[in-house]
Amino acid sequence: MPGLLIIKPVPMVVAVGGTGAANLQTSSPREIWSANAAGAASIELDLVTAQDVDCFFLAATNARADAVWTIESIAGLGGAVTATHVNAQLVRLAGNIRSRYHAFVRLPAPVNGRYFRVTVNQPTTPFQIGRLIVGLAFDWPYALGGGRTPIDTGRSASLPDGGFGIDEGVFKAGFQWRFVDLTKPALAKLWQIVEELGETKTLVVVEGPDYPPEATSVHYVLFRRLEAYEREDAAQTKWAFSVEEWR
């Protein structure tokens, strides 16, 4: 049974048509790539070296209810398909309550490869994506007590006439949790992730243990308030984390 998933983005080269191809790798999900037309559009990925990956994530898409995506290994950029990992799966996750839609899939087991093709197919509207991330999940149990924090980025001020001055923002979520019983190898891997990302580089966090996750359990985030880990004994460690969504 999965615990909480952390997916650190793998560096990659993207080959794709459409508008705003570079935006597939910029941090802001508001900087979008758009297909040239409705229907199928392919995005080819070069991970630079062959490596194990098991997670694919699309941030802030405009997916309609009938939009699907397919994930394949290919022999090289522009090359033939060597394996199909996801075949025409719906982009939208269940339980979405927002106007833009994250897409997330974790393969049953990691696959080793360098070249992949992600094909999105939306019949009536050109597909849009705010960020594309591929990676290998760090998967570990977390303690009861973790939960979401509602964040309203707007401001309100009481006025002398008894009303309010409102500066509307957006609603997003924070999430905090505590990993428990971390072994020495798991702690070393988690430390590597934290050291590479810090509090300024994006990642994906997926609440467990349900899979596939609901839309509200998939978070495109930055780490916040990095804390010290705590040793319970020489071989077991606990470590609390907090993240905040980027919308």
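Select Phe 56. Leaving aside neighbours within four places in sequence, Phe 56 is in contact (heavy atoms within 4.5 Å) with ten partners to click through: Trp 69, Ile 71, Ala 103, Phe 104, Val 105, Leu 107, Phe 116, Val 118, Ile 133 and Val 134. The model is predicted, so local features need pLDDT of at least 70 and side-chain atom pairs pLDDT 80 or more, while totals for chains, interfaces and linings use all residues. Residues are numbered from 1 along each chain as its sequence is written, and side-chain values use heavy atoms, without hydrogens and water.

Next, add Trp 33, Leu 45, Trp 69 and Phe 127. Together with Phe 56, these residues touch the most other members of the largest nonpolar core, which has 30 residues. A nonpolar core is a set of buried Ala, Val, Leu, Ile, Met, Phe, Trp, Tyr and Cys residues joined through side-chain atoms within 4.5 Å; buried means under 20% relative accessible area, with a 1.4 Å probe and protein chains only. Colour β4 (39–61), β5 (68–74), β7 (101–122) and β9 (131–135), the elements that give two or more residues to this core. Strands here are DSSP runs of E, at least two residues, numbered from the N terminus. The most comes from β7, with eight residues.

Now move to another core, apart from this one, of 21 residues, including Leu 4, Val 205, Val 221 and Trp 239.

Last, show Trp 177 and Phe 179, an edge-to-face aromatic pair with 5.8 Å centre to centre and 80° between the planes. Rings pair if their centres lie within 6.5 Å, and planes over 60 degrees apart count as edge-to-face. Trp 177 is buried at 3% relative accessible area, and Phe 179 is buried at 0%.

Note on methods:
Buried means under 20% relative accessible area, exposed over 50%, partly exposed in between (1.4 Å probe, protein chains only). Helices (H or I, at least four residues) and strands (E, at least two) are DSSP runs, numbered from the N terminus. Rings of Phe, Tyr and Trp (its six-membered ring) pair if their centres lie within 6.5 Å; planes under 30 degrees apart count as stacked, over 60 as edge-to-face and the rest as tilted.
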